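Work through the exercises below with the sequence and the structure open. Each task is followed by a solution in steps.

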Amino acid sequence: MQLFPCPFCGPRDETEFHYGGDAGNARPDGADVPVDRWTNYLYLRSNPKGAAREVWVHMNCGEFFVMERDTLTHKVLSSADLGGGHAA
Amino acid sequence: MTASRLTRGGSAIDRTRPIRFSFDGATVEGFAGDTIASALLANDVAIVGRSFKYHRPRGIWGAGVEEPNALVDISGERTTPNTRATTEPAREGLETRSVNATPSALADRNAFLDRFARFIPAAFYYKTFMWPDWHMFEPRIRAMAGLGKVDAGWTSPDTADQVNHHCDVLVVGAGPAGLAAARLAAGAGLSVTLVDDQQRPGGSLGHRDGEIDGRPASVWAEETVAALVADGHKVLPSTTAFGIYDHNLVGLNQRHFDGRPDTLWRVRPRRIVLATGAIERPLPFANNDLPGILSADAGLSYLKRHAVLAGRRIVVATNNDSAYEVAQAVVEAGADVTLVDIRRDGAPALPAKVRTIKGRALASASGRLRVEGVTLDDGTKLEADCVLVSGGWTPTIHLFCHAKGKLAWSEARAAFLPGDPVDGIAVAGAAAGAVSLSDVFASAEKAIAASGPTKVTVPRSTGPEATGGISAAWPKPGSKGRIWIDYQNDVTVKDVELAARENFVSVEHLKRYTTLGMATDQGKTSNLPGLALMAGITGRTVPEVGTTTYRPPFTPVPLASFAGARAGALMAPVRRLPLENVHRESGAVFQEYGGWLRPAHYGGAGADADRSIADEARRARQSVALFDGSTLGKIEVIGPKAAEFVDFLYYNTMSTLKPGRCRYGFMLSENGVVFDDGVLVRLDEHRFVVSCSSSHVAAVHARLEEWRQDRFGREAIYIHNATSEMATLTVSGPNARKLLETVGLGLSLDEADLPHMAVSHGTYAGDEVRIARVSFTGDRSYEISIRADRAEPLWAHLREAGKAFDAVLIGLEALMILRAEKGFIVIGKDTDGTTLPHDLGSEGPRAKRQTEYVGRRSLFTQEASRNNRLQLVGLTVPSGEPPLATGAHGIKRGDGRLHSQGFVTSSYQSPTLGRPIALGLIERGAARHGETIEIQHLGKISSATIAAPCAFDQAGDRLHA
Ligand SMILES: [Zn+2]
């Protein structure tokens, strides 16, 4: 079982976390966003092999944060909070 | 074979404590300290089981976890199938049975199958039972397949403990390498946990010669364990490290042997030392599976630990140095011994009194139910009642591989050894290929070198040293006779050859096609010989063939250990109402709704539920109903940006809501689909309460937090989930106001002060109460929220005051009827994963809103604008017909076929209207009111007329009545 570092609580079991999506998947605002741009935002994921930047939430404390990890080795490279609230 | 107990010796047994247990119905006598296997051997029980496929007689092979043959089902104190007799302590009164044998291992009635062996090779089933249909054959084959029998009627009276544990160093294996590593790590000031699957630590020191620091090896082992315990370190015997998982979490299963279930340990060590030893391999010769043919190391172990001599005329067959010590020991114990070594030279000094034949291999063994003799490859025949075999040693690298360690082939050792190191894991001792005690201790020192200087000196081997000379003796293609590779799964050399002929040459395919390395032993003795044979057949090297994937668990772990307390009511615990017990006293019948245990109705157990529910729904419309709505979400959104925030989260504009007022709205997902509906309450300029569906509270809370943290910032908004802090008691019906006036909540109930969709505050018994005029029934309703721990007196007061109005307690089922009469939806029931807000008749925000909100862009796609979308409607049936079935499809005809045009989502008999009512999602339904369509359910066709969703009080007068 993986140990994920919650920026608020420290290392905790992976079962306490939920995946929140790719980090950097910025939301395009507006009713006239081109449809392919909106589709990419909704559905297109990079699914990298190796280093990945992802948003996770620690369900126990409610903290959303960005975690960098290796999807192949499961090594956790870094974790940081969302930095006071602009789309990460 | 005439195995017997010697009159003296046996380091593990206590001759003052005789015990008796049964095997296949016969009594077996032994001593405390025996395993089931050692006691069976001492009683000369040769046949202990039948093989999986051919029902061949099988005897004990090993003395540890690798045992492929000697599996027993245990009943008595605790029913456990497929237990290895070699690791299971014999205990007074145990009832044990051989597996895959009826009525007994000795007289198995399926033994005839062996005579048909050449007709049932590998993959026989796949090829034979194809026509006409596998399912025709499946029941009978399934009945014959499998090993032990599960007692389906047995349930554990208690639950397994689960322990989370942290330490600096976890050492797996308490043989010489593990003991040395543990002691050195302790000397470096680290906290150490040492686990070993045997009852007595020491590993090979329990039966192999050795002298350490001038003392007998077994004495050194005991002293080392005592020193660790005295220093406060944890030593867990009878505990198997069965798996290493992500980030080096180690799973342990600890046995107790006192009637308690096993204990599961989840260990998070900083470092892991794997001192897991090595497992002896068989040699390939025809009929090498006969009872009486044992691993040489097992023969030595039974002799030294249990004083059991496995035979009188023993042939020791080997390709390596390690069997010489065994030959010496059994000859000294009184056996007539011949040692056959495939090597001509390079071996250790010949043991005294042992007849030795060099440069020869065993070609075959003979005997009907047990071994009676062997034939060498030059035709020499030797009588034997026991053959002790050593085909070399396979390091136990399973855990290393669980941790994604890669293996490196060693030609010199004829084995895979641990390759490049894995972070946080070191391998020591025989598992790393060390043979002599000096090498073992050097590897232990290296394993903990990273932990800093240690105050303990490295142990020194002061006695004779083992040597590791070996000449590989892999099974060869084209060999004569039936040569077993995998005892447990009945895989022979010919089966591997067949797999290769049919091009199943990858190890993973070989495993699945022949079952080599499957089942309870997972090929601990057979994997390497099997893949070496495949290498020989296909002209590749062993490392080119590679190994199959090692996966946890190393040995079988009871499901009870993994389950722990998560069974029965604790499997998925329900959430409970603060007033649950009060409702029970009122006759509530509880059901689970979205994770909450709530009153379905108040008719009492054994009542006609449908009648109780109809009665509650009817009476609620007549006077006044009391309902416990405490599960309703109450999530507070507080802060200067709160209004901007709820605007973004809701489909409906919420910032225009005035303080003290409520508004109904939808939350959408980013794909536009309606995610939740509910009422938003604005308490003041900067404070809202999100009143979401009961089963959606956690999800709505998470979504609010996500947008808060990932868009708006934490500084200007605070979110607090107050759902469980407050109970919400609902008073609904024409007489709701009159009832509340008699209770006295310290506020004005006048229409001007508390109109529909307004909120106000009062007090009850000194506590603040919040009262919202919100209705899910269509009648005048008051939702009263009060501290959960003070709700009981208020509920009692409401019920008492209600008597004058013939008030009725209603459960969730009656509420479902009331809301359906009004056409009020339940998200997820009356909507699905494609329903957009305008499908539900809420077109306004989509048409008019200029500001951004979640899901907005998705409402303007081609799909969202499709003109034949499913839309919310009411459905009425012809007079006298029963209610429609929920899930029934509206159909239309075309191309000679039926096509769905939507479906029924809610359907009830309305006691107030005296007719069935239903809601549904029907194609273009909003524009088709009055149209009659066909409805199909389970092949039966009826009709229904499309109507407005609201079937009762369309003008809404009752809200204000
Ligand atoms: Zn946290």
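## Exercise 1: the zinc site

In this predicted model, the zinc ion has as protein donors A:Cys6 (SG), A:Cys9 (SG), A:His58 (ND1) and A:Cys61 (SG), at 2.0 to 2.3 Å.

**Task.** Determine which arrangement the four donor atoms around the zinc ion form, and how the donor residues are spaced in sequence.

**Solution.**
1. Take the angles that the four donor atoms subtend at the zinc ion: they are 106 to 115 degrees.
2. Apply the cut-off: four donors count as tetrahedral if all angles lie between 85 and 135 degrees.
3. The arrangement around the zinc ion is therefore tetrahedral. For reference, the ideal angle for four tetrahedral donors is 109.5 degrees.
4. Read the donor residues along the sequence: the spacing is C-x2-C-x48-H-x2-C.
5. Place two of these donors: A:Cys9 lies in the loop between β1 (3-6) and β2 (10-13) of chain A, and A:His58 in strand β4 (residues 51-58), so the pair ties together parts that are 49 residues apart in sequence.
6. Check accessibility: A:Cys9 is partly exposed at 36%, whereas A:His58 is buried at 1%.

## Exercise 2: the layout of chain A

**Task.** Describe the secondary structure of chain A and the order of its elements.

**Solution.**
1. Count the elements: chain A has one helix and six strands.
2. Put them in sequence order: the pattern is β-β-β-α-β-β-β.
3. Add the dimensions: the C-alpha trace of chain A spans about 40 × 30 × 20 Å along its principal axes.
4. Add burial: of the 88 residues in chain A, 39% are buried.
5. Consider contacts in chain A between residues at least 6 apart in sequence: 40% of them join residues at least 24 apart.

## Exercise 3: two helix pairs in chain B

**Task.** Give the packing angle and axis separation for α4 with α5 and for α17 with α18, and state the handedness of each crossing.

**Solution.**
1. Two packed helices are described by the angle between their axes and the distance between the axes.
2. Helices α4 (residues 176-187) and α5 (residues 217-230) of chain B pack at about 35 degrees, with axes 10 Å apart. The crossing of α4(B) with α5(B) is left-handed.
3. On the α4(B) side the contact residues include B:Leu179, B:Ala182 and B:Ala186, and on the α5(B) side they include B:Trp220, B:Val225 and B:Leu228. The residues of this contact comprise ten nonpolar, one polar and one charged.
4. Helices α17 (residues 642-649) and α18 (residues 697-712) of chain B pack at about 115 degrees, with axes 11 Å apart. The crossing of α17(B) with α18(B) is right-handed.
5. From α17(B), B:Glu644, B:Phe645, B:Phe648 and B:Leu649 take part; the partners in α18(B) include B:Arg703, B:Trp707 and B:Phe712. The residues of this contact comprise six nonpolar, no polar and four charged.

## Exercise 4: backbone details in chain B

**Task.** Locate the cis peptide bond joining B:Pro552 and B:Pro553, and state whether B:Leu938 is buried or exposed.

**Solution.**
1. The bond between B:Pro552 and B:Pro553 has an omega of about 0 degrees. B:Pro553 sits in the loop between α13 (542-545) and α14 (559-563) of chain B.
2. B:Leu938, not a glycine, has a positive phi of about 50 degrees. B:Leu938 belongs to the loop between β51 (932-937) and β52 (940-947) of chain B.
3. With a relative accessible area of 78%, B:Leu938 is exposed.

Note on methods
Residues are numbered from 1 along each chain as its sequence is written. Chains are lettered from A and ligands numbered from 1 in the order in which they are written. This is a predicted model: local features need pLDDT of at least 70, side-chain atom pairs count only at pLDDT 80 or more; totals for chains, interfaces and linings use all residues. Side-chain values use heavy atoms; hydrogens and water are left out. Helices (H or I, at least four residues) and strands (E, at least two) are DSSP runs, numbered from the N terminus. Buried means under 20% relative accessible area, exposed over 50%, partly exposed in between (1.4 Å probe, protein chains only). Axes are lines fitted to C-alpha atoms, for helices over the stretch in contact, and angles run from 0 to 180 degrees between N-to-C directions. A crossing is left-handed if the near helix is turned anticlockwise from the far one by less than a right angle, and right-handed if clockwise. Contact means heavy atoms within 4.5 Å. Ala, Val, Leu, Ile, Met, Phe, Trp, Tyr, Cys and Pro count as nonpolar, Asp, Glu, Lys and Arg as charged, and the others, Gly among them, as polar. Donors are N, O and S atoms within 2.8 Å of the metal (3.2 Å for Na, K and Ca); water is not among the atoms, so sites may look incomplete. Four donors count as tetrahedral if all angles lie between 85 and 135 degrees; four count as square planar and six as octahedral if opposite donors are over 155 degrees apart and all others between 65 and 115; anything else is irregular.
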